Amino acid sequence: MNTNPTSPNPFRRLVRPLMALGGLTALLVVGLLLTLMLWLNGSATQPVALARATSTPVSTATSTTPAAQPKPAYWHPPGDSQLPAGEAGRQVSYGRELVAHTAKYLGPAGSVRHLSNGMNCQNCHLDAGTKVLGNNYSAVFSTYPKYRERSGTKETIVKRIRDCFERSLNGRSPDSSSREMRAMVAYMKWLGTGVPKGDKPNGAGLEKLAYLDRAASPDKGKLVYTTKCQSCHGAKGEGITVAGDAQYTYPPLWGPHSYNDGAGLFRLSNFAGYVKNNMPFGASYESPMLTDAEAWDVAAFINSMPRPHRDQRHDWPKPAAKPVDFPFAPYADSFSEKQHKYGPYPPIADAKKKATKA
Ligand code: HEC
Ligand code: HEC
């Protein structure tokens with residue numbers, strides 16, 4: 001075999017032009033890739049431009065090609081640079097602090113008063129009520145006061161906050177004139193910056209999952225719980241606290257220190273919608289970790305376990321206005337409490353539709 005580089009063999013003679021060609025191809029490919037990247041970059045910024053264009057007249061070059069939008073433009077909370085100056089800004093910040101670390105101020109070991117059960121608003125209203133589809137407060141200031149069927153009255157923001165203290169935090173609410181209540185309302189008003197009156201931004205509150213065509217199953221849900229939830233929330237759903245900390249590291253899901261049976265999460269649709277986009281912790285609407293069926297089943301399991309009871313005789317003055325998954329009689333239809341609690345919901349929803357048409 002000739003290994004002298006100065007005297008090329010026939011094989012090399014063949015390879016050299018090929019290598020030259022390869023170099024050219026590589027250059028071409030790199031060029032193409034660059035063009036593609038620039039182009040992709042351009043179209044990726046389009047949704048943002050269009051989202052802005054909903055509030056300002058269309059005038060940019062990109063908006064002349066209104067391509068179909070694959071994703072809705074979700075709500076963004078205002079940034080800290082938009083905090084008002086002085087006392088007003090400090091009040092908003094205190095409101096945010098109370099939402100994020102409620103127990104530290106108002107829980108069983110709270111520094112201000114002892115009113116609530118040790119949970120934080122943020123346990124359910126993630127990132128202090130700013131997470132897309134994480135039960136955020138983006139639509140609070142724009143839609144309250146509003147009529148709500150549960151009370152049969154027009155409710156203010158204060159009344160709505162009071163409800164979460166009495167139900168989700170299974171305790172008592174600070175007075176409407178207290179520094180704490182005023183700060184939380186100020187915080188919600190600030191979060192609503194730029195949301196027009198009456199509007200509900202995309203990604204507000206919780207997702208409404210499609211109904212299963214079967215009843216949600218506590219047995220199947222128990223399996224989901226032990227494999228995907230128990231490591232943080234505990235074998236008895238009791239949560240985890242660190243000694244000396246006034247707040248839970250992992251909040252309780254059932255038992256005496258959890259939300260009561262008058263709370264929003266006690267309805268399976270709310271629970272399933274909450275966990276679908278937010279649990280196990282770290283999940284989001286962009287990267288959910290549960291299927292819809294797992295979310296419904298784990299909701300059924302957790303809400304079949306014991307928890308504090310609330311007298312709800314005065315809720316829902318019109319039984320026909322109860323949501324399909326409201327688990328306590330009396331009802332305007334003939335479905336059982338059990339079916340209202342666990343489903344299957346489609347027959348109940350159909351009956352409700354017919355009744356409202358009649
Ligand atoms: C155990 C979970 C949980 C906790 C803790 C909790 N909430 Fe809620 N909250 C909910 C759920 C679920 C809803 C939606 C219920 C529904 O629509 O039926 C809700 C709704 C609300 C709303 C109305 C939102 C809207 O867009 O209409 C406000 C305001 C609110 N909560 C404030 C608070 C405050 C303030 C705290 C703390 C003092 C708190 N919540 C603690 C679960 C919770
Ligand atoms: C890695 C730990 C972790 C895992 C696993 C996890 N959670 Fe959570 N969960 C949390 C934390 C932390 C919070 C409170 C979030 C906050 O305050 O920001 C929370 C809050 C909740 C809440 C609202 C507050 C309450 O106590 O009612 C529910 C409901 C919930 N989780 C259900 C689940 C379910 C169902 C699963 C399993 C599918 C699960 N979680 C898995 C950490 C976890």
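## What sits around helix H12 and the two ligands

Helix H5, helix H6 (126–129), helix H13 and helix H14 (337–342) are among the elements covering the buried residues of helix H12. This is a predicted model, so keep that in mind as you look around. Below, we start with H12, move on to the two ligands, and finish with a pair of crossing helices.

**Helix H12**

- How many of the residues of H12 are buried? Eleven of the eleven are, so H12 is largely enclosed by the rest of the structure.
- To find them, look for Leu-268, Ser-269, Asn-270, Phe-271, Ala-272, Gly-273, Tyr-274, Val-275, Lys-276, Asn-277 and Asn-278.
- A residue gets called buried here if 20 or more other C-beta atoms lie within 10 Å of its own.

**Around ligand 1**

- Ligand 1 has 24 residues around it, and Cys-121, Cys-124, Cys-164, Ser-168 and Gly-264 are the closest.
- Helix H5 (121–124) and helix H8 (157–166) each chip in at least two residues of this shell.
- Which helix gives the most? That's H8, with four residues.
- Sorted by class, the shell around ligand 1 has 15 nonpolar, eight polar and one charged residues.
- Domain 1 (80–191) and domain 2 (218–309 + 318–357) each provide at least three residues of the shell around ligand 1.

**Around ligand 2**

- Ligand 2 is surrounded by 24 residues, with Cys-229, Cys-232, Pro-251, Pro-280 and Phe-281 coming nearest.
- Four helices each hand over at least two residues to this shell: H5, helix H10 (218–228), helix H11 (230–233) and helix H12 (268–278).
- The class count for the shell around ligand 2 is 18 nonpolar, five polar and one charged residues.
- Where does ligand 2 lie relative to domain 1 and domain 2? Both domains give residues to its shell, so ligand 2 lies between them.

**Where H10 meets H13**

- Two packed helices are described by the angle between their axes and the distance between the axes.
- For H10 and helix H13 (residues 292–302), the axes come within 7 Å and cross at roughly 100 degrees.
- Angles of 65 to 115 degrees count as roughly perpendicular, and H10 and H13 are therefore roughly perpendicular to each other.
- On the H10 side, the contact uses Pro-218, Lys-220, Gly-221, Lys-222, Val-224 and Tyr-225. Facing them in H13 are Glu-294, Asp-297, Val-298, Ala-299, Ala-300, Phe-301 and Ile-302.
- By class, this H10–H13 contact has eight nonpolar, one polar and four charged residues.

Key
Residues are numbered from 1 along each chain as its sequence is written. Chains are lettered from A and ligands numbered from 1 in the order in which they are written. This is a predicted model: local features need pLDDT of at least 70, side-chain atom pairs count only at pLDDT 80 or more; totals for chains, interfaces and linings use all residues. A residue is near a molecule or strand if its C-beta atom, placed from the backbone, lies within 6 Å of it. Ala, Val, Leu, Ile, Met, Phe, Trp, Tyr, Cys and Pro count as nonpolar, Asp, Glu, Lys and Arg as charged, and the others, Gly among them, as polar. Domain bounds come from an automatic or database domain assignment. Axes are lines fitted to C-alpha atoms, for helices over the stretch in contact, and angles run from 0 to 180 degrees between N-to-C directions. Angles under 35 degrees count as roughly parallel, over 145 as roughly antiparallel, 65 to 115 as roughly perpendicular and the rest as oblique. Two residues are in contact if their C-beta atoms, placed from the backbone, lie within 7 Å. A residue is buried if 20 or more other C-beta atoms lie within 10 Å of its own, exposed if 12 or fewer, and partly exposed in between; C-beta atoms are placed from the backbone.
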